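Let's take a walk through this model, beginning with a leucine and its neighbours and ending at a pocket.

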Amino acid sequence: MSTDSLQWSYRPGPWYAVLGDAITIALPVPDHALVAEVWRRVEGGATVEDVLDGLLADGLARCPSFALVERSEDLTRVVVRGEGLAVRAAGDTDEVRIEGPDDAIWAERRLSGVTSLTVDLPARGRAAEPDADREYAVRTGLVRVSRVEAHPTTPITAERGTGGGAHLAAVPDAPAVAVSSAAAAADAVPTGAVPVDTAPADPAPAPMLRSSDGQSVAIDRVVLIGRAPRPRDDAEEATLLSVPSRLQEISSTHAEVRPGGAGEAVAMLTDMGSTNGTVLTAPGEEPRDLRPGIAVPLVVGAVIDLGDGVSVEVLGPGGS
C-alpha cells in the first residue's frame with residue numbers, strides 16, 4: 001500500500017508536530033525557535049538529513065527527543081531519539097515498535113508495506129487540553145499534540161503473502177550516527193486541521209492584511225511583502241504585496257506572512273533578512289524588532305512596520 005494514501009490525524013496536547021508533504025516530526029521540546037526552524041525546513045521541502053541538521057545544529061542537548069517519519073511511495077523511514085518516544089508501524093497482520101535507544105544517538109528503521117502509523121509521546125506535567133479526546137485530521141501544518149497517527153484513506157489493497165495479509169518488510173537498519181552541524185519562532189498550529197468527523201463544508205473566511213497605501217490581501221496562502229517581492233522558486237504559490245518605498249529602505253522581499261497560529265494568532269510573520277529590519281507592534285504591547293528568519297505570531301490588530309513610512313495592519317476575516 002502506498003503511504004500517499006495515509007491520512008494524518010492528531011489529538012491536542014503539549015508537544016509539537018510538524019507535518020509536511022513527505023516528512024512528519026514530533027518534537028517534545030518547549031523551544032519555539034527550534035520548532036520554527038524545523039517547520040521552515042519541512043515546509044521548504046528539505047530532506048531528512050537537512051531536517052536533522054537543523055535539529056542538532058546547536059548540539060544534542062538542545063533536542064534530546066524527537067520522532068521523525070518520512071513517507072516515500074511504499075517506503076517509510078522512521079527515526080526516533082529519546083526516552084519514552086516510540087513509533088508503531090503496522091502492516092495488515094503485524095506491527096513493529098521503534099523506540100528511542102539508550103545506547104545510541106537514535107534508532108532508525110526503513111519499512112515497506114506500512115498501513116498505519118502511531119507516534120506515541122510521553123505524558124508531560126501539563127493540564128490536559130479541553131478537547132484532548134477529540135481526533136483531528138490534518139494534511140500539513142504545525143500543531144500541538146499528545147498523539148499523532150496515520151490511517152488509510154482508501155481501502156487497503158496490500159500485496160498478499162502466504163499468510164493472507166500484508167507483512168512489514170524491513171530494510172536493513174541504518175547505523176546510529178551523528179549528523180553534521182548546520183549553521184543556523186513560534187507557538188503555531190494547524191494549517192488545515194479539522195475534526196475527523198466534522199469536516200467543514202466551506203472554508204472559513206481568511207484574515208486580511210491592509211497596507212498603509214490602501215491595499216488589502218487575504219492570508220489564505222503565503223503572503224510576501226516588499227518593494228518588489230518574489231517567491232523563492234517558481235513552484236511556491238504566494239500572494240505578492242508590493243508596497244511603495246520612496247527612500248528604498250524596504251527590501252525587495254522584506255517579510256513573509258504564513259497562515260496559521262496558536263491561541264489568538266491568525267498567522268506567522270518572518271523577517272526575510274531585510275536590510276533595515278521589521279518592527280511588530282501587537283495590541284497592548286511595546287514595539288519589538290524581529291530577528292531575521294524567526295517566525296513570530298500575528299494577532300488581529302497587530303501592525304507591521306516596514307520602515308520608509310510604510311506599515312501593514314492585520315485584520316480579522318473579511319477585513320473586520
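Leu 117 touches a good list of residues, including Leu 6, Trp 8, Val 69, Val 87 and Val 148, leaving aside residues up to four places away in sequence; contact here means heavy atoms within 4.5 Å. This is a predicted model, where local features need pLDDT of at least 70, side-chain atom pairs count only at pLDDT 80 or more, and totals for chains, interfaces and linings use all residues. Residues are numbered from 1 along each chain as its sequence is written, and side-chain values use heavy atoms, without hydrogens and water.

Leu 117 is also among the residues touching the most other members of the largest nonpolar core, which has 28 residues; Trp 8 and Val 87 are two others. Such a core is a set of buried Ala, Val, Leu, Ile, Met, Phe, Trp, Tyr and Cys residues joined through side-chain atoms within 4.5 Å, with buried meaning under 20% relative accessible area (1.4 Å probe, protein chains only). Strand E1 (6-19) and strand E8 (116-120) are among the strands giving at least two residues each, and E1 has the largest share, 6 residues. Strands are DSSP runs of E, at least two residues, and helices runs of H or I, at least four, numbered from the N terminus.

Now for the second largest pocket, whose lining splits by class like this:

| Class | Lining residues |
|---|---|
| Nonpolar | 5 residues |
| Polar | 3 residues |
| Charged | 6 residues |

H1 gives the most to this lining, with 4 residues.

Conventions. Nonpolar A, V, L, I, M, F, W, Y, C, P; charged D, E, K, R; others polar. Buried < 20%, exposed > 50% of the residue type's maximum accessible area, 1.4 Å probe, protein only.
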